[in-house]
Amino acid sequence: SFLDSQVGRLLQSLENQGLMDNTIIVFFSDHGFHLGEHGQWHKFTLYEESTQVPLLIRVPGMTKPGSASNQIVELVDLYPTLKELCGMPEQNQKLAGQSLVPLLKNTSESWEEKPAVTQVRRGKDEKAVMGYSIRTEEYRYNEWWTETANPELVASELYDLKEDPEEEVNQSDNEDYKKERQKLSELLQNYLKL
């Protein structure tokens with residue numbers, strides 16, 4: 001309620017100063033925090049509760065109050081979005097994200113499926129591992145790698161989000177999911193250049 005109040009004060013100030021009609025507002029937060037889900041009480045996991053964040057964007061004259069999209073997007077999409085909205089010049093380098101302007105204009109816009117990637121570090125020193133996750137509409141696939149000179153894969157997880165939205169049953173060793181696991185692993189490897 002304190003945060004809601006502060007956001008309200010900020011928005012009211014923009015309104016009072018006559019700036020609301022020419023101000024793009026972007027609201028997002030740090031990643032989530034487990035409150036007992038999966039037996040966890042922290043944020044450094046690759047489960048949905050920890051990796052998903054709120055993201056609200058208001059563009060005067062473009063977005064409609066109360067509109068929403070269920071498309072998968074990433075926070076790295078914010079820079080290309082703001083770059084396009086503000087008419088910033090093109091750069092000579094490829095950006096990691098993609099502009100969300102088509103979704104802002106039309107929340108039901110067909111969107112080429114784009115996975116979201118998350119990474120977290122667990123453990124310390126020689127026992128440290130990096131976890132990498134790729135999230136599509138249907139699946140979440142995680143790989144855990146040692147942080148050594150020659151990284152080794154120590155574990156993988158595959159969750160079928162249509163059948164198991166709570167991510168309770170790891171299908172990584174299930175032969176019925178072998179093709180999907182290989183596809184997602186390759187996609188993750190290419191994305192991260194591991």
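Me: A nonpolar core is a set of buried Ala, Val, Leu, Ile, Met, Phe, Trp, Tyr and Cys residues joined through side-chain atoms within 4.5 Å. Which residues make up the largest nonpolar core here?

Reply: This is a predicted model, in which local features need pLDDT of at least 70, side-chain atom pairs count only at pLDDT 80 or more, and totals for chains, interfaces and linings use all residues. Residues are numbered from 1 along each chain as its sequence is written, and side-chain values use heavy atoms, with hydrogens and water left out. The largest nonpolar core has eleven residues: Val117, Met130, Tyr132, Ile134, Tyr139, Tyr141, Trp145, Leu158, Tyr177, Leu184 and Leu188. At least two residues of this core come from each of strand E4 (129-135), strand E5 (139-146) and helix H5 (178-192). Another core, of nine residues, lies apart from it and includes Ile57, Val59, Leu100 and Val101.

Me: What makes a stretch such as E4 or H5 an element with a number?

Reply: Helices (H or I, at least four residues) and strands (E, at least two) are DSSP runs, numbered from the N terminus. The protein has five helices and six strands, and from the N terminus on they run α-β-α-β-α-α-β-β-β-β-α.

Me: Why is arginine 181 called buried or exposed?

Reply: Buried means under 20% relative accessible area, exposed over 50%, and partly exposed in between (1.4 Å probe, protein chains only). Arginine 181 has a relative accessible area of 16%, which is under 20%, so arginine 181 counts as buried. Arginine 181 is found in helix H5. From C-alpha to C-alpha, arginine 181 and glutamate 113 are 17 Å apart in space and 68 residues apart in sequence. Of the 194 residues in the protein, 37% are buried.

Me: Why is E4 described as largely enclosed by the rest of the structure?

Reply: Seven of the seven residues of E4 are buried, so the description follows. In a regular strand the side chains alternate between the two faces of the sheet. In E4, Met130, Tyr132 and Ile134 point one way, while Val129, Gly131, Ser133 and Arg135 point the other way, and all are buried. Met130, Tyr132 and Ile134 also belong to the largest nonpolar core.

Me: How do you know that E3 and E4 pair, and in which sense?

Reply: Two strands pair if DSSP finds at least two bridges between them. Strand E3 (residues 116-122) and E4 have seven bridges in the antiparallel sense, so the condition is met. Threonine 118 has serine 133 in E4 as its bridge partner, and arginine 121 stands opposite methionine 130 in E4. The two strands form a hairpin with six residues between them, and glycine 123 in the turn has a positive phi of about 85 degrees.

Me: How many bridges join E4 and E5?

Reply: E4 and E5 pair over seven bridges, in the antiparallel sense. The bridge partner of tyrosine 132 in E5 is glutamate 143. E4 and E5 form a hairpin with three residues between them.

Me: What is the order of the strands in the open sheet, and why do some stand at the edges?

Reply: The open sheet has four strands in the order E3-E4-E5-E6, with antiparallel pairing. E3 and strand E6 (153-160) each have a single partner strand, so one side of each is left without a neighbour in the sheet and they stand at the edges.
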